[in-house]
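Student: I'm new to this structure and would like a close look at one part of it. Could you pick the place where two helices cross and walk me through what surrounds it?

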Amino acid sequence: MNNDFQSDDKESPCHYRRALEVVSSKWTVLVFYELESGKKRYSDLKKQIEGVTQKMLTQTLRQLERDGLVNRQVHPTVPPTVEYSLTPLGETLIEPMRSLHRWTDTHYDSVLEARKAFDHQKL
């Protein structure tokens, strides 16, 4: 086991696990991509995030709000208008998510090739 993790409590495997819990949902990542450009209404998020159900989007937004990553603003209209935006803390995750996106663009074909080769060996 790598003992580097024990050198600092802030760098423990438990902290990494917690961070992954925050951002590991595909819906979280897609919400972040949508909110990166600014405030969005719930209905706009629902339209832009292909395949997300109303229930899943609501759960994702609530969790992100609870984690301090997304701000929910209700405007007193009839019916009420709700907008979501990234908080300053949420904005700090944009660059790591961009890095993951760049990695995916660069390397995902290699992942697919490796899977195909692995599956072919098992036949």
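Tutor: Let's start right at the crossing: the axes of α2 and α6 come within 11 Å and cross at roughly 110°. (Axes here are lines fitted to C-alpha atoms, for helices over the stretch in contact, and angles run from 0 to 180 degrees between N-to-C directions.) That makes α2 roughly perpendicular to α6, a label for angles of 65 to 115 degrees, while under 35 counts as roughly parallel, over 145 as roughly antiparallel and the rest as oblique. The crossing of these two helices, α2 and α6, is left-handed, meaning that the near helix is turned anticlockwise from the far one by less than a right angle; clockwise would be right-handed.

A quick word on what you're looking at. This is a predicted model, in which local features need pLDDT of at least 70 and side-chain atom pairs count only at pLDDT 80 or more, whereas totals for chains, interfaces and linings use all residues. Residues are numbered from 1 along each chain as its sequence is written, and side-chain values use heavy atoms, with hydrogens and water left out. As for names, helices (H or I, at least four residues) and strands (E, at least two) are DSSP runs, numbered from the N terminus.

Now zoom in on α2, which covers residues 26–35 and is mostly covered, with seven of its 10 residues buried. "Buried" means under 20% relative accessible area, "exposed" over 50%, and "partly exposed" in between, using a 1.4 Å probe and protein chains only. The buried residues of α2 are Trp27, Thr28, Val29, Val31, Phe32, Glu34 and Leu35. Take threonine 28, which sits in helix α2: at 6% relative accessibility, threonine 28 counts as buried. Threonine 28 and proline 96 are 68 residues apart in sequence, yet 13 Å apart in space, C-alpha to C-alpha. At the N-terminal end of α2, serine 25 acts as a cap, with a side-chain oxygen 3.0 Å from the backbone nitrogen of tryptophan 27.

Follow α2 along to glutamate 34 and you meet a charged pair: the side chains of glutamate 34 and lysine 40 form a salt bridge at 3.1 Å, N to O. By salt bridge I mean a side-chain nitrogen of Lys or Arg within 4 Å of a carboxyl oxygen of Asp or Glu. Buried or exposed: which is glutamate 34? With a relative accessible area of 17%, glutamate 34 is buried, and lysine 40 counts as buried at 18%.

Over on the other helix, glutamate 95 has two charged partners worth finding. One is arginine 98, whose side chain meets that of glutamate 95 in a salt bridge of 3.7 Å, N to O. Glutamate 95 and arginine 98 both lie in helix α6 (residues 94–122), three residues apart, about one turn of the helix. Another is arginine 102: its closest N and O atoms with glutamate 95 are 2.8 Å apart. Here the accessibility reads another way: glutamate 95 is partly exposed at 38%, arginine 98 is partly exposed at 37%, and arginine 102 is partly exposed at 43%. Glu36, Glu95, Arg98 and Arg102 are linked in a network of salt bridges. The count for the model comes to four salt bridges.

Lysine 40 also leads us on to the sheet, since strand β1 spans residues 40–41. The open sheet has three strands in the order β1-β3-β2, with antiparallel pairing, and its edge strands are β1 and β2, each pairing on one side only. Two strands pair if DSSP finds at least two bridges between them. β1 and β3 have two bridges, with arginine 41 standing opposite glutamate 83 in β3. β2 (residues 70–75) is joined to β3 by six bridges, and one of the pairs puts valine 70 with leucine 86. Strand β3 (residues 81–86) is mostly covered, with five of its six residues buried.

One last detail to look for: a hairpin of five residues joins β2 to β3. Proline 79 is in the loop between β2 and β3, and the peptide bond from valine 78 to proline 79 is cis, with omega near -10°. For background, most peptide bonds are trans.

Methods
A polar contact is a pair of N or O atoms within 3.5 Å; within protein, one must be able to donate a hydrogen and the other to accept it, and residues adjacent in sequence count only if both atoms are side-chain atoms.
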